[in-house]
Amino acid sequence: MPGNSCKVYTSVFFVDFRHMKMEFENGSMDFSKSYEIRYDLFEHRDTVNLGQVLEYLNKNLVDYIFTFRSSQPDQITTIYTYAMNYTPPIVDVDIGSFNFRRSFFNNTNLMVSFHGLNNDNVHLVLKDMSAISPDIYKIALLYNDTGKFLDDLDYLYHYKNDHQIKLAYIPMGNNNSLFRLVSAITVSDYAYASYKHETAPGQIEASEFISLLGRFREKYE
């Protein structure tokens, strides 16, 4: 397990495209780093603003995951349909958010995600996800039981090795930052860190998270 390769994505959101561009131009953000674009948390979420955001990221060869959460299926369909005109490197789609076909995302890497609670059954979640054949499996659970987290971690470790999948395993919770680090070290190919504000409970600030992972890798390489 030591030395597991995990890429850290800094999860970001802004008022609009102009504010995002300013963060790159003033050096607060770096084109060479990886980001999750939480477009659902932007203040302005229209398609004109979306086009500017994605065009700018693509032009500057930024590695990013495009994410949009909503309780309105029609809104989700509209945003993802428009986003696919720009072929994001990765799109994160919640498995229960709206009805879609796998072919809709054929031109990009599809991350199918499940967001749930401590007692959700990861066996069944993986079974449902595998029917979609995603490029990346993402499971984000809000834990209140260390034993359940360790059981899930063990199961996911063996499942990943047996099925050769790409995995983002995100243990959430305000007191569970250590769980996130353990997951990144042992099983996750993708992890999330915070920028100026958390986008999920328990996120670690990006530079600190990357530093901690680096120290672990140096110790075991």
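**Figure 1. R38 of strand β2 faces strand β3 in this predicted model.** R38 stands opposite T67 in β3. Strand β2 covers residues 34-38, and β3 covers residues 63-67. The two strands run parallel and are joined by 5 bridges. Helix α2, residues 47-59, belongs to a β-α-β unit with β2 and β3. That unit is right-handed.

**Figure 2. Strand β2 also pairs with strand β1.** Strand β1 spans residues 7-12 and runs parallel to β2. The number of bridges here is 3. S11 stands opposite E36 of β2. Helix α1, residues 17-25, joins β1 and β2 in a right-handed β-α-β unit.

**Figure 3. The side chains of β2 point in two directions, into cover on both.** S34, E36 and R38 point one way. Y35 and I37 point the other way. Every one of these residues is buried. The strand as a whole is mostly covered, with 5 of its 5 residues buried.

**Figure 4. F31 sits in the loop between α1 and β2.** Is F31 buried or partly exposed? F31 is partly exposed, because its relative accessible area is 30% and the buried class ends under 20%. Beyond its neighbours within four places in sequence, F31 is in contact with F24, Y56, N60, L61 and V62. L57 is 26 residues from F31 in sequence. In space, their C-alpha atoms are 8.2 Å apart.

**Figure 5. D92 and R69 form a salt bridge.** The N to O distance between the side chains is 2.7 Å. D92 lies in strand β4, residues 90-94, and R69 in the loop between β3 and α3, so the contact ties together parts that are 23 residues apart in sequence. D92 is buried, with a relative accessible area of 0%. The pair is part of a network of salt bridges linking R69, D92 and K138.

**Figure 6. R102 and D135 meet in a salt bridge.** Their closest N and O atoms are 2.7 Å apart. The pair links distant parts of the chain, 33 residues apart. R102 is in the loop between β4 and β5, and D135 is in the loop between α4 and β6. Both partners are partly exposed: R102 has a relative accessible area of 21%, and D135 has 31%.

**Figure 7. K160 and D189 form a salt bridge between buried residues.** The closest N and O atoms are 3.1 Å apart. K160 lies in helix α5, residues 146-163, and D189 in the loop between α6 and β8, so parts 29 residues apart in sequence are tied together. K160 is buried, and D189 is buried too. The structure holds 9 salt bridges, this pair among them.

**Figure 8. The whole protein gives the setting for the close-ups.** The protein has 7 helices and 9 strands. How does the radius of gyration agree with that of a compact globule? For 221 residues a compact globule would be near 17 Å, and the protein has 17 Å, so the two agree. The C-alpha trace spans about 45 × 40 × 30 Å along its principal axes. Buried residues make up 51% of the 221 residues. Of the contacts with a separation of 6 or more, 65% join residues 24 or more positions apart. The accessible surface comes to about 10,900 Å². Carbon and sulfur atoms hold 48% of that surface.

Key
Residues numbered from 1 in each chain as written. Predicted model: local features only at pLDDT ≥ 70, side-chain atom pairs only at ≥ 80, totals over all residues. Heavy atoms only, no water. Buried < 20%, exposed > 50% of the residue type's maximum accessible area, 1.4 Å probe, protein only. Helix = DSSP H or I, 4+ residues; strand = E, 2+ residues; numbered from the N terminus. Pairing = 2+ DSSP bridges. Right-handed = clockwise from strand over helix to strand, strands pointing away. Contact = heavy atoms within 4.5 Å. Rg over C-alpha atoms; globule rule 2.2 N^0.38 Å. Areas by Shrake-Rupley, 256 points an atom, 1.4 Å probe, with all protein chains shown as cover. Salt bridge = Lys/Arg side-chain N within 4 Å of Asp/Glu carboxyl O.
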